[in-house]
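This report introduces a protein chain to a reader who meets it for the first time. It proceeds from the overall fold to the strands, and then to contacts between side chains.

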Amino acid sequence: LSCSSVPAQSSVRFGGVPWDMGSHSATQYDESYFDNDMIALTQRGWWLGKCGDEWLLRKPIYHSDNSFSHYESQTDAQTILRHIGLEEAAQSVMTSETHSMESELSQARVTEFARVGNTHHSFVLQRTGDDECLEVSLFHCHFDARIAEDAAAAELVIYSGQQARRSLEACFAEFTLRQLHSPRTSRSPVDLTSRLDQLLSATGLLRPEPPCWPCPRLMAYLLRLRPR
């Protein structure tokens, strides 16, 4: 599987075993990310993004011993504004049709600071007679340099030359192992995670520890175009 092409074969090998190629879908979309000049939300591991007309805030949740637990997602505009400490803005959005989410963020100096264009391919792989399926998401991303730091964009051109355009692209892969509906052989999330680790390891991939950042695409953008 690659980010640049869609496999035409009906089966693939992953983790040393053959899988039947199930459903496939492809979409293209742009994501915009918002923060203040100090990138305060992102520095905390929070992710405030917009795709089309949909908003998404993700923030890490930790156990009592400060170990990572999971990411909490919010999509309601008022809830998002309250979570980031803009209570008055949340009230304005609720009581006025002329106050938009983006305008309220702008008044608080929270503006778009990163934009990523995505080509997303999603595959479902299955094995005959097996009770699990493997969901594979491939992202081919283009980083929009028009809203990058001027110095970072200039350095990219100076040091990368003709390769600068290629430096604005990256590929990412996400893998999710799910159990098909089979009540008699229910498997715990721990078992599925262990099985996925085995498959990734057999393919030469290592699953990272729970990441410090909820959006690898955004972090790759920042490393290239907002390194300061």
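The chain contains eight helices and eight strands. The model is a predicted one, and the descriptions below should be read accordingly.

## Overall composition

Of the 228 residues in the chain, 36% count as buried. The chain exposes about 13600 Å², and carbon and sulfur atoms supply 49% of that area. Among contacts between residues at least 6 apart in sequence, 62% join residues at least 24 apart.

## Strand β2 and its partners

Strand β2, which covers residues 17–35, pairs with β1, β6 and β3. Strand β1, residues 11–14, runs antiparallel to β2 and is joined to it by four bridges. One residue of β1, S11, has D20 in β2 as its bridge partner. Strands β1 and β2 form a hairpin with two residues between them. In the turn of this hairpin, G15 has a positive phi of about 70 degrees.

The pairing of β2 with β6 is also antiparallel and comprises 14 bridges. Within this pairing, Y29 is matched with N118 of β6. Strand β3, residues 47–51, pairs with β2 in the antiparallel sense over two bridges. There, S32 has K50 in β3 as its bridge partner.

## Salt bridges

How many salt bridges does the count come to? The count comes to 10 salt bridges, including the three listed below.

| Pair | N to O distance |
|---|---|
| R217 and E31 | 3.2 Å |
| K59 and E72 | 4.0 Å |
| D144 and R146 | 2.7 Å |

The salt bridge of R217 and E31 links distant parts of the chain: R217 belongs to helix α8, residues 216–225, whereas E31 belongs to strand β2, and the two are 186 residues apart. R217 has a relative accessible area of 7% and is therefore buried. E31 is likewise classed as buried, because its relative accessibility is 8%.

The salt bridge between K59 and E72 also links distant parts of the chain, with K59 in strand β4, residues 54–62, and E72 in strand β5, residues 68–74. These two residues are 13 residues apart. K59 is buried, with a relative accessible area of 16%, whereas E72 counts as partly exposed at 25% relative accessibility.

In the pair formed by D144 and R146, the two side chains fall into opposite classes. Is D144 buried or exposed? D144 counts as buried because its relative accessibility is 10%, which lies under the 20% limit for that class. R146, at 69% relative accessibility, counts as exposed, since its value is over the 50% limit. D144 and R146 also take part in a network of salt bridges, in which they are linked with E112 and R115.

## Aromatic rings and charges over rings

A search of the whole structure finds four aromatic pairs. One of them is formed by F143 and Y221, whose ring centres are 5.8 Å apart. The planes of these two rings stand at 90 degrees, so the pair is edge-to-face. F143 lies in strand β7, residues 132–143, and Y221 lies in helix α8, so the pair links distant parts of the chain, 78 residues apart. Both residues, F143 and Y221, are buried. Helix α8 thus holds Y221 as well as R217, the salt-bridge partner of E31.

Two arginine residues lie over the faces of tryptophan rings. R44 lies over the face of W46, at 4.2 Å from the ring centre. R127 is placed over the face of W19, at 5.9 Å from the ring centre.

## Positive phi outside glycine

Most residues other than glycine have a negative phi. Against this background, two residues deserve mention. I39 is not a glycine, yet its phi is positive, at about 50 degrees. I39 lies in the loop between β2 and α1, the latter covering 40–43, and I39 is buried, with a relative accessible area of 15%.

R109 likewise has a positive phi, of about 60 degrees, although it is not a glycine. Its place is in the loop between α4 (101–107) and β6 (111–126). Where I39 is buried, R109 counts as exposed, at 66% relative accessibility.

Conventions. Residues numbered from 1 in each chain as written. Predicted model: local features only at pLDDT ≥ 70, side-chain atom pairs only at ≥ 80, totals over all residues. Heavy atoms only, no water. Buried < 20%, exposed > 50% of the residue type's maximum accessible area, 1.4 Å probe, protein only. Phe/Tyr/Trp six-rings, centres within 6.5 Å; stacked < 30°, edge-to-face > 60°. Lys NZ or Arg CZ within 6 Å of the ring centre and 35° of its normal. Contact = heavy atoms within 4.5 Å. Areas by Shrake-Rupley, 256 points an atom, 1.4 Å probe, with all protein chains shown as cover. Pairing = 2+ DSSP bridges.
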